[in-house]
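Student: Please pick one part of this model and take me through it closely. Explain each term as you go.

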Amino acid sequence: MLRIHFTATDLVRTRVGTRLDPMWELVLSVHQVARPESYFGSWSRLARRRLVQAGTIRDAELLAVLTPRAATSPTS
């Protein structure tokens, strides 16, 4: 588990993004497809089947290799 401790000064300077980051969404989705036992298990299995049907599962597998999960990733 990753814990981050903020001081009051840190919180005052903290900004939250107002829009999605397409690359980050792609990376997180690839990690979920690679782990069908995850919280999003039914979505992962459906997405994986559709990638196989579309003939693009190898692309997703390559992306998973290029973006390995790290201890600091929310998907780890």
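Tutor: Helices are DSSP runs of H or I with at least four residues, and strands are runs of E with at least two, numbered from the N terminus. The model is predicted, so local features need pLDDT of at least 70 and side-chain atom pairs 80 or more, while totals for chains, interfaces and linings use all residues. Numbering starts at 1 along each chain as its sequence is written, and side-chain values use heavy atoms, without hydrogens or water.

Start with α4, residues 57-66. This helix gives 4 residues to a nonpolar surface patch, the largest share. The patch joins Met23, Leu26, Leu62, Leu63, Val65 and Leu66. (Members have over 30% relative accessible area and no salt bridge; nonpolar side chains, from Val, Leu, Ile, Met, Phe, Trp and Tyr, are joined within 5 Å, like charges within 9 Å.) Leu63, for one, sits in α4. Together the six expose about 590 Å² (Shrake-Rupley, 1.4 Å probe, with only the protein chains shown as cover for residues). Two elements, α2 (22-34) and α4, each give two or more residues to the patch.

Now turn to the neighbour of α4. Helix α3, residues 41-54, has its axis within 7 Å of the α4 axis, and the two cross at roughly 125 degrees. (Axes are lines fitted to C-alpha atoms, for helices over the stretch in contact; angles run from 0 to 180 degrees between N-to-C directions.) That crossing makes α3 oblique to α4 (under 35 is roughly parallel, over 145 roughly antiparallel, 65 to 115 roughly perpendicular, the rest oblique). Arg48, Leu51 and Val52 of α3 touch Ile57, Ala60 and Glu61 of α4 (contact: heavy atoms within 4.5 Å).

Helix α3 also packs on α2. Their axes lie 8 Å apart, at about 95 degrees. The pair is therefore roughly perpendicular. From α2 come Ser29, Gln32 and Val33; from α3 come Trp43, Ser44, Ala47, Arg48 and Leu51. Arg48 and Leu51 of α3 thus appear in the contact with α2 and in the contact with α4.

Methods. Salt bridge = Lys/Arg side-chain N within 4 Å of Asp/Glu carboxyl O.
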